[in-house]
Every structure is written in structure tokens, then in C-alpha cells.
Amino acid sequence: MNKNTFNLTRRELLRNAALSAALLSLPNLTGFTSIPQYQPTGAPAGKTLYLTNAEVIDVVRGLIFSNQTIAVRDGIIRSVSSWSPEAREGDMVLDLKNQYVLPGLIDAHCHITMPGASELSARLLLDVLTQLKRNFVQQMRQGVTTIRDMGAMPKILHANIGQTKKGELIGPRVVYCNSFTNIQGGHPDLDPGEISILAGLVMSFTGHSNMWFKDTEELKEKMRQNSAGGASFVKLTMDKISVLCGKGKIPAYSDEHLKTIFNFAQKNNLATAGHIHTKFGFDRALRFGLDSIEHSINELLSPEEIETMAKKNIATVPTVSVIQMMAAPEAYDELPKKYRTDFIEQEIAERRKYINSNLAEFTELSIHKANLAHLANYKKYGCENLYKNKKYMANPEFYFNIMLTGPKNLLAMKEAGIVIGCGTDAGVPLTYHGTLWREMEILTRIGFSNAEVLRSATFNNAKIIGMVDKIGTVDTGKIADMVILKENPLKKIEACRRPSVVIKDGKLYDVGKIAFGT
Ligand SMILES: [Zn+2]
């Protein structure tokens, strides 16, 4: 060890001490003032909650049933009817005064243990830790009552899920895969140890988000460990090119690895979902029969390819909002002509409006400020030099190309009857938890009807995550997860930006009372 390394280590050691202490106490972290504490209300056990004068949206058919009474007992919807309630002692009646009722929203692609930050510096440490708790609250506040976590730091994930179950933290139901099932060096193509010298130590408290197997034997053993403890699917990363500026090629699974993964998934009744941006990954997904293609692809797909996808029952969660965010105009003095389409110009304007708005409800502002400052690195270093200068930023050209092709592919998939889900990829830089409304609005700008978008964010997502028998519609026998909106989202999709009440497991969360104290 040379002198420089030693000095660096010593300096970092002090930060590590504070970090370790903070992380160790994480499951019981209550001292953060900006995490709202709130106790939901509802009818006591065995008693009925009646929601009256409800305009219930049938998300499957895109219809509204007016003046309905929804009866909820012990967390389950017992009836939806036009009868008046016959309330008995101890029951609770809430007059919705003709507000609109959607099934609880589902974010089918997000990373709940990731803070949405471009850097993991000691400076932002406490805010990042706060943010990991806030992620849960932010999702619930926006009406998202179930999420599918697409790759997590497992120890933090389970500590926080435990807290939500005990009622210590407001949060959605979580369907998860634990770590990414990725080959060493595969996407997310970044060794946490590269981001920060702290990372190795952090991972020992948080659990590693990358499986990073080296050979088939290790893959089998790690898959067994990773799926233990309630994982319901396997997350794959299928491309062989990096999304990062200046990185280039990354390792990809061999056919033998994929055979092993799909055999394991089938035997253990696990779904498979794959991060795919390229034709290389897409072709393999078709060949192996992946259950869902995550994100969108940077080439136009042929009608035959889309037909095959439909025949094989492969769903997709396009996450257009994160692609819009990564397509950063900040990287260019002038945007290349090929990207100046009406759709892209419109999305650049929407993106600009969003990142410059007050996002206090969606992120710790220090994190957002650091993210905005990071955007200047594109011009400062030039994309090709970022990686070697230890600046890990998404390649805008890559994402602008997806903006050119992704929406066209998506409309063709819709025509072919492919199940299209709705997810944010929240947790990656500049994409924050509780922003499913952004994805929903982008889908309408691409050409989906409001009814299709609402179905996508509820019923389709429930299918994709394997829970359609329990959630995804407001129907008798389903879990009582609902979102109450003041305006009709079939007419105005922006109505989903601000629910008035969120109901999860039959408990009522008054959104106005869950505020972030910044
Ligand atoms: Zn993701």
C-alpha cells in the first residue's frame, strides 16, 4: 500500500465510521423529521367500512359506475353495489361525494432501495438514508399501493418492508427479486466499489444489489440463495453494451447461463423479467421466452418479431419516462437534427419543466440539486471521457435513439395485443419514487387512450406481477387497495397527480395529512 492510498483510506475511515453507525441503526431510524409519521384510519377488525357515492372506474372496460357503495371488511372488498349501506354499530361510513375510485396503482418497475442520486458522497449520506425511507412514503402518497422492485440492496429492502408491515413506515406492498441475476460486469455495469471507496463497506450492511456470478456452478448456488425469502421473479440484464458514457461493451450471459436461469425459474415458479434496450437482448428474450421485456428498444422491431412476442405471451414495461429523462439535451450545444422530431422536442420541453419545478414532494432537494449539477459534466468532460474520469452518467445518444424507436414499437405492440405495463424505474438518478403519473402522462402523449393507461397501471401491471387474482380492479373479493381522485381520470389523466385519499388493505390514508417537512 503506497502512502497516497493509506492517506485516502484514513480519511475515508472517519466517514465510514459515521456511515456504519447510521446504517446499522437503519431499521429503527426515526429521527428524520422529513419522513412523515401517520397512522391510517379505518373500521376496526370485523367491522365494515362503507365508501358511499363512489364513481367506480372499471379499468378493464374503461367505464364508470356511478353512485356505488363499496363495502370493505378486514382489508377485503366485500361488495360493490348501488345499494345504500346498512351500517351497524362500529361500522364506518365515508361519503366520497362522487369522487372517482381507481384500484390502487402499481409501479411495475422501480428500485425502492435506490435514492435517485447521481453521487453517493459522504456529503449526501444522511439525505440519501432519509430518501431510502421517503421512497416508500412517496409511492403511497401518489396512490401506488403495490410496487415491483426490480433489483435491490436486499438487507435494506427487507428491513424497510418489515417496518411497513409493522406500521412504522408508510409504504406500498412490495413484490421483489432481491439482487439482479447478472453476470460479473453486466448491467448495471458499475462496480459499487468504483463509485465510492465507501461502497464495499456499505454493501456489507445493505446487501449486494448485483449477483455477479462467474460460472454456471456459482450461478446455481447464488440463484438459490437470492430467491430464498419470498422473491417472486428473477431480474435479468440482457444487453451486451453499456448504457454509460465512455464504457462500451459489457459481458453477457452465455446460452448455457440462460438455460440454467430459465430452468431454475421454471422449477421454482419464478417469473423472468429482463432489462433490454437492444436487439441483441430482445432476440434472446424471444428465444428463451422471457415473461417481460423491461424498458424500450433502440431499433424498430419488425411486425413478425412483434407477432412472435405476442404469441409467446411476453409482456412489456416500457418505462418511457426514464428514457425521456436520460435523453439529456444538456449533453449538446445543439441537438443533432435526427433527434429533432416533434415527439422528442415535446418531451424535452416536458422534461425541462419537470426538473425545474419544485420537487420537494418527490426527493430530498439536496439530491435533486446534485443531480442537476451533474448534468454539466456532459459538456465539461465530453461523453466519451466521462467513464475514465469516474463520472458514471447515462449515454444520451443511446437514449435519444430509443426515443426515436421505442414509442413506435410500443404502439405496434399495443395493436398486437401485447400486455403493456406501467413503471417508472424510480431510484435511478433524476427519476424519483411516486412519479408513476409521469409515465402515465407520457403514454397518453405517445397515443394511448386514458382508459388504456389506467388499465396498464392497474390491471395489466397486476397480471405482469402475478397478482391479478388479488389486486388491479375494484371488485368483490379483491384486496381493498384504492385511490380516490377528485376529477375523472378517464377525461383528464392529470387527475392522477394528486389523489385525495389512498386506501391500502382497507386502511385510509388522507394524503393531505402526509406532508414532507422540508
Ligand atoms: Zn430498472
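Cys110 is buried, because its relative accessibility is 0%. This is a predicted model. Does the sulfur of Cys110 lie within bonding range of another cysteine sulfur, or too far for a bond? The closest one belongs to Cys177, and it is 11 Å away, so the distance is too far for a bond. Cys496 is in no disulfide either. Its nearest cysteine sulfur is that of Cys422, at 9.6 Å. Cys496 has 3% relative accessibility, so it counts as buried.

## The disulfide

How many disulfides does a search of the whole structure find? It finds one. The bond joins Cys245 to Cys383, with 2.1 Å from S to S. The angle about the S-S bond is -100 degrees, and the link is left-handed. The two partners come from distant parts of the chain, 138 residues apart. Cys245 sits in the loop between β9 (233-237) and α7 (255-267). Cys383 belongs to helix α14 (residues 383-386). Cys245 is buried, because its relative accessibility is 1%.

The table lists relative accessibility for some buried residues.

| Residue | Relative accessibility | Class |
|---|---|---|
| Cys110 | 0% | buried |
| Cys245 | 1% | buried |
| Asn160 | 2% | buried |
| Cys496 | 3% | buried |

## The zinc site

Which residues coordinate the zinc ion? They are His109 (NE2), His111 (NE2) and Asp425 (OD), at 2.2 Å. Along the chain, the donors follow the spacing H-x1-H-x313-D. His111 lies in the loop between β6 (105-110) and α2 (125-141). Asp425 lies in the loop between α15 (396-415) and α16 (436-446). The pair therefore ties together parts that are 314 residues apart in sequence. Both His111 and Asp425 are buried.

## A buried asparagine

Asn160 lies in helix α3 (residues 154-166). Is Asn160 buried or exposed? Its relative accessibility is 2%, so it counts as buried. Setting aside residues up to four places away in sequence, Asn160 touches Leu132, Lys133, Phe136 and Leu169.

## The nonpolar cores

The largest nonpolar core has 111 residues. Which of them touch the most other members? They are Leu102, Leu236, Ile293, Tyr399 and Met440. Helix α15 gives the largest share of this core, with seven residues.

Now take Leu102. Its contacts beyond four places in sequence include Ile57, Val59, Leu454 and Val474. Asp481, Met482, Val483 and Leu485 are also among them. So are Pro489 and Cys496. A second, separate core has 17 residues, including Val101, Val474, Met482 and Leu508.

## The whole chain

The chain has 17 helices and 15 strands. Its C-alpha trace spans about 80 × 55 × 50 Å along the principal axes. What radius of gyration would a compact globule of 518 residues have? It would be near 24 Å, and the chain has 23 Å, which agrees.

Of the 518 residues, 58% count as buried. The accessible surface comes to about 21500 Å². Carbon and sulfur atoms hold 52% of that surface.

Contacts also reach along the sequence. Take those between residues at least 6 apart: 75% join residues at least 24 apart. The zinc site offers one case, with His111 and Asp425 tying together parts that are 314 residues apart in sequence. The disulfide of Cys245 and Cys383 also links distant parts of the chain.

Key:
Residues are numbered from 1 along each chain as its sequence is written. This is a predicted model: local features need pLDDT of at least 70, side-chain atom pairs count only at pLDDT 80 or more; totals for chains, interfaces and linings use all residues. Side-chain values use heavy atoms; hydrogens and water are left out. Donors are N, O and S atoms within 2.8 Å of the metal (3.2 Å for Na, K and Ca); water is not among the atoms, so sites may look incomplete. Helices (H or I, at least four residues) and strands (E, at least two) are DSSP runs, numbered from the N terminus. Buried means under 20% relative accessible area, exposed over 50%, partly exposed in between (1.4 Å probe, protein chains only). Contact means heavy atoms within 4.5 Å. A nonpolar core is a set of buried Ala, Val, Leu, Ile, Met, Phe, Trp, Tyr and Cys residues joined through side-chain atoms within 4.5 Å. The radius of gyration is taken over C-alpha atoms; the globule rule is 2.2 Å times the number of residues to the power 0.38. Accessible areas come from the Shrake-Rupley method with a 1.4 Å probe; for residues, only the protein chains shown count as cover. A disulfide is a pair of cysteine sulfur atoms within 2.5 Å.
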